[in-house]
Amino acid sequence: MSSSKSNKIVKLESSDNKTFEVEEAVAVQSETLKNMVDDGCANDTIPLPNVNGKILEMVLGWCKKHVDETVTGDELNKYEADFLDLDQADLYGLLMAANFLNVKGLLDRVLQRVADMIKGKKPEEIRRIFNIKNDFTPEEEEEIRLENAWAFD
Amino acid sequence: MEEKGLSFAKSQREPSGINYGEIEINTNNVEVVTRPWSDLPADLLSLIADRLGIIELLSFHGVCKAWQAASSTASAKIETASNPEPWFLFYGEDSQCHLYNTSQRRYTMSIPELDGATCIASNQGWLLIFKEGSMFFYCPFSHAKIDLPKFPHSVLSEHASAFSSPPTSSECIVAVMHRDHESGLELYVLYRGADTWTRIKLDNIQYKLSAFGLATYKDEVFHFFDKKNGVVTFSIKDKSCLMYNIVKKDDSTTRKLNSTARKRLPTFVRINSLFVKSDMKKKLGLGEDVSVSICGTILEYGGIDNIIFSEDLEAAEESENHHLRGVWIQPRFFQVSSNQNWSL
């Protein structure tokens, strides 16, 4: 089963019922899908109820690029940098999908992108960027402010 | 500066126009639930927190409760990975302390714990502090503190100390080399969970150490370096001390020594007078009437221990009051639970 033919196709269905067909070599960039292929569960369409079509298309695009032998190192670097230039909603979807599908290189890059977005920002700016509600009590906030005062003067 | 602080405390709750877990209809008329970032699984939040430097980690803690909880084990270890140089913490003027990062950017902190205190060891973000007879571990960035059993001397003379692992480890051992006119040379060892220090008296003639440089720990052995070529080792396995002279490996005299008289030390570089060589006195704006004591640290870089010796700089002019202190420190944010103490 694991000695796959290079033109074996894997079929995937996103949460919003879009279907995608990719070569097995592309699909197995995802450890999750690779395990399914190895276990012989990849003969029918694989449903992915927690990844929507837009995000799945992005992830598969990433996987395709990474198995393409004609792509140079420089081209790949540029592709990866442009790839992560996303709004926070898409970035969130991508992070969840990369984690669920376990596409290693992608997960690392997305985590780093989020870390980079946090760099140099105060808590209220981070909340604005990521649409996060401040659930600290005024007392808790004051405690945090006092602890952090030295770093943000 | 005052204003910025006030506006932080009074920050408004976010306007309700933003979606928090509500259904949003997108342009294709397909229902999409937008889940907020605070709902991100804790293990992913933790992976993000692990990639943050100390300043960013402090911000991360202040975003919301979920983010704060998920980052409880992140310690800003990445600071050392990206830049092995230590920060410098300058204290001794009441509680006001100045912190200098590797780009010489200055921060000011109020640290009451350091008022009247002396830092006697610094390693991987933990400081060992001696204050009026008490001894404790302290992380100045997070204010984490772990008290130790009382030290047998209420005043410290010459000292060099090291600890084997972070104080939160069940195997942490602390070793303090002490020398004064009355008691001579003594080695004090404290094991994790013990409530008293173990004292080992060392004969002054056999253990001929010059002015203390720094103490380190490696491969189950504590090393106490002086500023010349002397080193005393204490093995925690057989609990014995030995005195060595550091010599060049390929020296003709060395090669004549038989193998039992020689011992290979872990690869290290001794760095003396870093404070002076970095022109820190000028950068700190210190005058000639100020004396400074600096506690050194160990930087592990490329598999080699860079041992930054402690320094004692006398004032050019006689002055009783201006004795300031400094310590080379790696920035880390350690969080310990409130019931964390030295006992096991």
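**Close-ups of a two-chain predicted model**

β6(B) and strand β7 (residues 126–131) of chain B pair in the antiparallel sense, with 5 bridges between them. Before going on, some ground rules: this is a predicted model, where local features need pLDDT of at least 70 and side-chain atom pairs count only at pLDDT 80 or more, while totals for chains, interfaces and linings use all residues. Residues are numbered from 1 along each chain as its sequence is written, chains are lettered from A and ligands numbered from 1 in the order in which they are written, and side-chain values use heavy atoms, with hydrogens and water left out.

**View 1. The β6–β7 hairpin of chain B.** Two strands pair here if DSSP finds at least two bridges between them; the strands themselves are DSSP runs (E, at least two residues), and helices are runs of H or I with at least four, all numbered from the N terminus. Look across the hairpin and you'll find B:Asn123 opposite B:Trp126, and B:Ser122 opposite B:Leu127. The connection has 2 residues between the strands, and B:Gln124 there takes a positive phi near 50°.

**View 2. The open sheet of chain B.** Here 4 antiparallel strands line up in the order β6-β7-β8-β9. β6 (118–123) and β9 (144–148) stand at the edges with a single partner strand each, so one side of each has no neighbour in the sheet. On average, neighbouring strands are turned by 25° against each other, direction ignored (axes are lines fitted to C-alpha atoms, for helices over the stretch in contact, and angles run from 0 to 180 degrees between N-to-C directions).

**View 3. Strand β7 of chain B, covered on both faces.** In a regular strand the side chains alternate between the two faces of the sheet. In β7(B), one side carries B:Trp126, B:Leu128 and B:Phe130, the other B:Leu127, B:Ile129 and B:Lys131, and all are buried. Buried means under 20% relative accessible area, exposed over 50%, and partly exposed in between (1.4 Å probe, protein chains only). Strand β8 (residues 134–139) also pairs with β7(B), antiparallel and over 5 bridges, with B:Phe137 as the bridge partner of B:Leu128. Another hairpin links these two, with 2 residues between them and a positive phi of about 50° at B:Glu132 in the turn.

**View 4. Where chain A meets chain B.** 41 residues of chain A are in contact (heavy atoms within 4.5 Å) with 41 residues of chain B. About 4200 Å² is buried between the chains, 65% of it from carbon and sulfur atoms; this is the accessible area (1.4 Å probe) that two parts lose on being put together, summed over both. There are 2 salt bridges between the chains, including one that joins the side chains of A:Asp108 and B:Arg51 (3.3 Å, N to O). A salt bridge is a side-chain nitrogen of Lys or Arg within 4 Å of a carboxyl oxygen of Asp or Glu.

**View 5. B:Ser59 and its partners in chain A.** B:Ser59 sits in helix α3 (residues 54–61) of chain B, and counts as buried because its relative accessibility is 1%. Leaving aside neighbours within four places in sequence, its contacts are A:Lys121, A:Lys122, A:Pro123, A:Ile126 and A:Phe152.

**View 6. A loop residue of chain A.** A:Asn17 lies between β1 (9–13) and β2 (19–23) of chain A. Its phi is positive, about 65°, although A:Asn17 is not a glycine. With 58% relative accessibility, A:Asn17 counts as exposed.
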